[in-house]
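Biologist: I am new to reading structures, and I would like to learn how to look at one step by step. Could we go through an example together, beginning with the broad layout and ending with single residues?

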Amino acid sequence: MTSTVKPNAKAYRPPAPLGGRTPIRTARQSAGIAIPFLLPALIVLAAFVAWPMISALRLSFTDSSGFGAEQWIGFDNYIRIFTDPQILGTLSTTALYAVLFTPIALIGALALALLLNNARLPGRGIFRTALFLPFIVSLAVAAFAWSYLLDPQVGLLNYWLRTVGIHIGNVLQDPVLAMPTVVLVAVWKSFGFYMVIFIAGLQDIPVSLYEAARIDGAGAWARFRNVTLPQLSNTLAFVVIFAMIAALQAFDQIYVLTGGGPYRTTQTVVMEIYQEGFKKLNLGLASALSYVLLLATLILSIVQFRFFGRREKDLT
Amino acid sequence: MATTASASRNFATDRSKARLGRNVERWLLFAAVLALTLVVLLPVLIIVFTAFKPAAEINAYPPTLVPGQWTTANFARIFSDLPFARLFLNSFLFAGGVTAFALVFDSLAAYALARLDFRGSRALLIVIVASLMIPFQATLIPIYQLVGNLGWVNTFAGLIAPRAADAFGIFFLRQFFLSLPRDLDNAARIDGASEFRVFRSVVLPNAVPALLTLGIFTFVNNWNDLLWPLIFTTTPDMGTITSGLTLLTGPSGIIPYGTMMAGSLIAVAPLALIYLLVQRRFIESVATTGLK
């Protein structure tokens, strides 16, 4: 939180009623008084979160196309997702995307966080500002910039690589290189975010631990392994899951750069939901796929909850 | 803090020699980080430079980074190729509208959850926190159907209403409100202030930092969103900058890079401006709210 005054919430329970004379309400109240405060938000959340959840579940068991009669087809959509090689492919594509994105983004972010956390680096603030800049650029715009850099004819990066003997050709049409490229764009956009979180985590590590390690004769690598990593493990685990959840939702730059191609090698789950649900109007199938995505996200979130109990603790 | 390979070691007994060595290390580190930063910023530089580059140079071989001749022709083109002023306004109304509504609705609900100790408040809070786990992509289809039934497709109502409140904002503000001392609002209550009065005159003014943080976060997310406007708008004049620019990558396969980079620059400019003005709050904002 960003509060400058951060008193312990528990210390500020309202004082006990003084002989019942004060108008301070401390006893449990009926929900009546809270209703006007809650109503606007609850209407929005009920209509656009709760109801769609139920509705999507129902749709996922039908062959709905948005028009005309829809039939209850049981688990057919789910069976199709896990048997149709094309749709099953979107699941493995998404998994591959997550497996590539998460370590690359996090290792890059951690490396830069370590460099920027070095007190002897001049101009740390300016570097932090500059390195965080990509995060405010939308993924779509980032994709435009990269598509020009990588253009096989007039792309600057392509040209530079060629002058040093690396021929990458048209990466967006290359079944092998298209996936790493869309991952690269997402990494470029979001590493700054993870870097900032790592810097915050690094600054919470007591300096005395490093001093103790140094007195014990630990070198830089030993200090990193035995002080930084264990001290950062909470942040690290949290960010890993966070990055994986983000990766499951990959869409924007893929839509702009490859449209899911070539040969569906970058067709992620959200791309498929978009195309099945909004282009081909297979609402049933797209809803079932949505639920698979929801379930995957849920599992990761529950792991996160279990690990950290951050919010659970906050709730009490 | 010296966690990198450049950590100082007592190689030299001679002090000045050691200091010299440390200075060399310091500037080597600086040079390395500078090089990395320039590489990272290359796509940003390419947007800025290409936006001002004449078409002939953009398509010339070998390609260059900096324009030999600067031109504003690309900016003129983006306004004639797309209803760009309209798109910009749409982006602003969409992101600004969502932000304004969400701040009001979220803070009201957060106040009830933080301060009004009503029956069922805990259960409600748990439901709200649980709903944080739902990715919006998973409920897009029913949301679209509902927006369609309301007749709101391709309207600002359809773009904004589904996001007019969000679970994360409620939770985030509730946590902040809990950190504010209760003595203040109790004093106001003793003076006979209504709960709404306490909310508006005591709690909200003290929560400005949290509201700003949440506001920046919400605005940036919506300004940059692609999937949402792609789905809820059907005509080019209702799109946002982000969704509008994707129209340039038509099926023809020929991408007008100059126009696209000019448009991209305009799309990024407002956020870059906010970012540079309130940089610390901005970074803080994502560091705290981003971990949703």
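Biologist: Let me begin with the domains: how many Å separate the centres of domain 1 of chain B and domain 2 of chain B?

Modeller: Please keep in mind throughout that this is a predicted model. The domain assignment of chain B gives domain 1 as residues 15-75 and domain 2 as residues 83-289, and their centres, taken over C-alpha atoms, are separated by 34 Å. The contact between them takes nine residues from domain 1 of chain B and seven residues from domain 2 of chain B.

Biologist: Which elements give two or more residues to the side of domain 1 of chain B that touches domain 2 of chain B, and which class of residue is found there?

Modeller: The elements in question are α1 (15-51), α2 (55-58) and α3 (73-81) of chain B, and α1(B) gives the most, with four residues. Sorted by class, that side of domain 1 of chain B has six nonpolar, two polar and one charged residues.

Biologist: When I turn to a whole chain, how many helices and strands should I find in chain B, and how spread out is it?

Modeller: Chain B has 15 helices and zero strands. To judge how spread out a chain is, one can set its radius of gyration beside the value that a globule rule gives for its length, and for chain B the radius is 25 Å, well over the 19 Å given for 292 residues, so chain B is more spread out than a compact globule. Along the principal axes, the C-alpha atoms of chain B fill a box of roughly 70 × 70 × 35 Å, and buried residues make up 46% of the 292 residues in this chain.

Biologist: What do I find if I read chain A in that way, and what share of its contacts joins residues at least 24 apart?

Modeller: Chain A has 13 helices and zero strands, and 42% of its 316 residues count as buried. Among contacts in chain A between residues at least 6 apart in sequence, 66% join residues at least 24 apart, while for chain B the corresponding share is 69%.

Biologist: Now for the two chains together: how many residues of chain A are in contact with chain B?

Modeller: Here 100 residues of chain A are in contact with 98 residues of chain B. Helix α1 (residues 35-59) of chain A gives the most to the side of chain A that touches chain B, with 15 residues, and by class that side has 74 nonpolar, 19 polar and seven charged residues.

Biologist: How should I read a nonpolar core, and which residues touch the most other members of the largest one here?

Modeller: As a general idea, nonpolar side chains tend to be buried together in soluble globular proteins. In this model the largest nonpolar core has 172 residues, of which A:A41, A:A109, A:A113, A:Y194, A:M195 and B:A109 touch the most other members. Helix α7 (residues 178-203) of chain A supplies the largest share of this core, 18 residues, and the core also draws at least three residues from each of domain 1 (15-75) and domain 2 (83-289) of chain B. If we take A:A109 and leave aside its neighbours within four places in sequence, A:A109 is in contact with A:F191, A:Y194, A:M195 and A:F198.

Biologist: Finally, which backbone details deserve a look, and where is a cis peptide bond found?

Modeller: The peptide bond from B:Y61 to B:P62 is cis, with omega near 0°, and B:P62 is found in the loop between α2 and α3 of chain B. Another detail is a positive phi in a residue other than glycine, and B:N154 has one, near 65°. B:N154 is found in the loop between α6 (140-149) and α7 (156-160) of chain B.

Biologist: What is the phi of A:Y263, and is A:Y263 buried or exposed?

Modeller: A:Y263 has a positive phi of about 55° although it is not a glycine, and A:Y263 lies in the loop between α10 (252-257) and α11 (269-279) of chain A. Burial is judged by counting neighbours, and because A:Y263 has 11 C-beta neighbours inside 10 Å, A:Y263 counts as exposed. With 17 other C-beta atoms within 10 Å, B:N154 is instead partly exposed.

Note on methods:
Residues numbered from 1 in each chain as written. Chains lettered and ligands numbered in written order. Predicted model: local features only at pLDDT ≥ 70, side-chain atom pairs only at ≥ 80, totals over all residues. Core = buried A, V, L, I, M, F, W, Y, C linked by C-beta atoms within 7 Å. Buried ≥ 20, exposed ≤ 12 C-beta atoms within 10 Å, placed from the backbone. Domains from an automatic or database assignment. Nonpolar A, V, L, I, M, F, W, Y, C, P; charged D, E, K, R; others polar. Rg over C-alpha atoms; globule rule 2.2 N^0.38 Å.
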